[in-house]
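Biologist: Could you take me on a close look at the second largest pocket of this model? I would like to know what lines that pocket and which elements supply the lining.

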Amino acid sequence: MPVGPARMPLLDHLGELRRRLTIIVVTVLIATAVFYCATPTIIDLLTAPIQPYIDNGQFYIGTSLGGFSLRFSIALKTACVVCVPMILWQILGFFLPALKPNERKWVVPTLFIATVLFFVGAVFCYFFIVPPGFEWLISETNSIATALPMLDDYLNIEVLLMIGFGIAFELPLVVFYLAVFHIVPYVAFRSAWRYIYVAMAVIAATVTPDANPVTMIFMYAVLLLLYEISMLITRFVIIAREGKAGLKGSRVGLFSDDEEE
């Protein structure tokens, strides 16, 4: 990744920012144009877990411009997701000069892990949450009226759910850095485990769209597993770098002065 000098005139910084933003915008627009041609396939993929619960498997679009708007929206969202590595690459290239050498080595791994966790959460939602969630939602509608499945509405709900689960799966990374930087001491996480477990139960009940207890328990179990794994890794890292005293937050954290180069 090209990294400029840490000290530059203001106009040079603005020029560098404009250059990187231009690269991002142009790349996303080109990707959007490419994915627009592939939107029928993308839409088929998104509707696959929902279609078994739709009468005759038929979706509808209510306006003459609805098809174009939906295709463009799906193409743009797909392009933004696919271009995330490039976008982060450009953002890192702009901000890295301001970081110390011992800080830079943590940035790229962190962003890589965050990206992986997000996609794992989205895929988990696609396979395990979307089918039972829409089955319940559609059955609730059919119990009082005839459901008219509007394609844009269903896809918007599905995409929001996948994004929500992707963000929820960032929990291990958030907990890791809160504890390692001693923003919240490791022992504080452990002593407050009852409140954290209850909070995760509330999150699991809120994020899942249906009232199926099996789905909520599944999500809750995954959050608990991710949390405990993050705490185990955090404990290992803190002890390796600072000793057991670091578990109480008695030192600054990863980027202490004695590690600066």
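Modeller: Happily! At least two lining residues of the second largest pocket come from each of α5, α7 (171–180) and α10 (213–242); helices here are DSSP runs of H or I with at least four residues, numbered from the N terminus. With five residues, α5 gives the most to this lining. A word on the source: this is a predicted model, where local features need pLDDT of at least 70, side-chain atom pairs count only at pLDDT 80 or more, and totals for chains, interfaces and linings use all residues. Residues are numbered from 1 along each chain as its sequence is written, and side-chain values use heavy atoms, with hydrogens and water left out.

The second largest pocket holds about 240 Å³ of space (the volume filled by probe spheres set on grid points, which are joined across faces, edges and corners). A pocket is an open set of points on a 1 Å grid over the protein atoms alone, where a 1.4 Å probe fits, with protein on both sides within 12 Å along at least five of seven lines; lining residues have an atom within 4 Å of a point. Thirteen residues line this one, and I113, P172, L173, F176 and I233 are the closest to its centre. By class, the lining has 11 nonpolar, two polar and no charged residues (nonpolar: Ala, Val, Leu, Ile, Met, Phe, Trp, Tyr, Cys and Pro; charged: Asp, Glu, Lys and Arg; polar: the others, Gly among them).

For context, the largest pocket has about 550 Å³ of space, and α5 also supplies the largest share of that lining, six residues.
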